[in-house]
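User: I'd like to go through this model with you, starting with single residues and then moving out to the sheet and the cores. Can you take my questions as they come?

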Amino acid sequence: MARERPTALLLDFDGVLRHRDPAVAAGIEREYGLSAGVLGEIAMHWGRLQPVLTGQISHADWAASVADALTESVGPERARAAVEQWQRYRGEVDPDVLALVRAARAAGIRVGLGTNATDLLDTDLAELGLADELDVVVNSSVVGVHKPAKEYFQAACAALATPPARVLFVDDEDWAVRGARAAGLSAYRWSGPEGLRYLRAALGC
């Protein structure tokens, strides 16, 4: 049986609505004498990342822990300076995805941001001009559970006031897409702007 047309859209943030230029981190690593890729490797280590994504620690504490991990390589002052410079770069909004968001909302479709994020998310949205572009924001650090847990998607659907079967979720990670489908949502793996035609057709916008 064919699924009903979605009446709500849930978008991931990083990799879908926001993009980060990897050259920024690479340039900072070169400037401070760090090995290539080390900022991301340390920052994304799950034991360090999971507490900040579930609201157990703040973004500032997480960033400080990244600097602490770099101290042995370049000393405390240079480690802090490198992380501070890295964190000042907050990425760019994808204009094509933002256009989709606007078209969906204009068509009466509720649009939510569904992201594993820290307590800096609201600041990021304001700085990127996105604060008024979304109907709801479902931040893992506020919910207390992260994608791909079923409880996360249940919270997202509740925030959208839409049953799972009528929510279309878009993420660039397979594990998140699988989690959404297991929770009863439609889900699409984002790989770039070539997916926009499908999404617009699915949403009717």
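User: Let's begin with K147: buried or exposed?

Analyst: K147 counts as buried, because its relative accessibility is 3% and buried means under 20% relative accessible area, exposed over 50% and partly exposed in between, computed with a 1.4 Å probe on protein chains only. Bear in mind that this is a predicted model, in which local features need pLDDT of at least 70 and side-chain atom pairs count only at pLDDT 80 or more, while totals for chains, interfaces and linings use all residues. Residues are numbered from 1 along each chain as its sequence is written, and side-chain values use heavy atoms, with hydrogens and water left out.

User: Which side chain does the K147 side chain make a polar contact with?

Analyst: The partner is the side chain of D171, at 2.7 Å; a polar contact here is a pair of N or O atoms within 3.5 Å, where within protein one must be able to donate a hydrogen and the other to accept it, and residues adjacent in sequence count only if both atoms are side-chain atoms. Leaving aside residues up to four places away in sequence, K147 also touches D12, G114, T115, N116, Y152, F153, F169 and W175, contact meaning heavy atoms within 4.5 Å.

User: And where along the chain is K147, and what joins K147 and P148?

Analyst: K147 is placed in the loop between α8 and α9, and P148 lies in that loop too; the bond joining K147 and P148 is a cis peptide with omega of about 10°. For the element names, helices (H or I, at least four residues) and strands (E, at least two) are DSSP runs numbered from the N terminus.

User: OK, α9 then. Which of its residues are buried?

Analyst: In α9, which spans residues 150–160, the buried ones are Y152, F153, A156, C157 and L160. Viewed down the axis of α9, they fall within an arc of 135°, so they line one face of the helix, the arc being that of the directions from the helix axis to the C-beta atoms. As background, an α-helix has 3.6 residues a turn, so residues three or four places apart point the same way.

User: What do those buried residues pack against?

Analyst: They pack against β1 (8–11), β4 (110–115), β5 (136–139), α8 (140–143), β6 (167–171) and α10 (174–182).

User: What comes right after α9?

Analyst: A161 follows α9, in the loop between α9 and β6, and A161 has a positive phi of about 55° although it is not a glycine. A161 is exposed, with a relative accessible area of 68%.

User: Switching to the sheet: how many strands, and in what order?

Analyst: There are 5 strands in an open sheet, ordered β5-β4-β1-β6-β7, with parallel pairing; two strands pair if DSSP finds at least two bridges between them. The edges are taken by β5 and β7 (186–189), each with a single partner strand, so one side of each is left without a neighbour in the sheet. On average, neighbouring strands of this sheet are turned by 20° against each other, direction ignored.

User: How many bridges between β1 and β6?

Analyst: β1 and β6 pair in the parallel sense over 4 bridges, and L10 has F169 in β6 as its bridge partner. Helix α6 (residues 95–106) packs on the sheet, touching β1 and β4, with its direction at about 160° to that of β1. α10 packs on the sheet as well, touching β6 and β7, and its direction makes about 170° with that of β7. Axes are lines fitted to C-alpha atoms, for helices over the stretch in contact, and angles run from 0 to 180 degrees between N-to-C directions.

User: How many residues are in the largest nonpolar core?

Analyst: It has 26 residues, and those with the most contacts inside it are L9, L11, L168, V170 and W190; a nonpolar core is a set of buried Ala, Val, Leu, Ile, Met, Phe, Trp, Tyr and Cys residues joined through side-chain atoms within 4.5 Å. The elements giving two or more residues to this core are β1, α6, β4, α7 (121–127), β6 and α11 (196–203), and the largest share, 5 residues, comes from α6. A second, separate core of 21 residues includes V52, L53, A67 and V83.

User: Last one: where is V111, and is V111 buried or exposed?

Analyst: V111 is found in strand β4 and is buried, with a relative accessible area of 0%.
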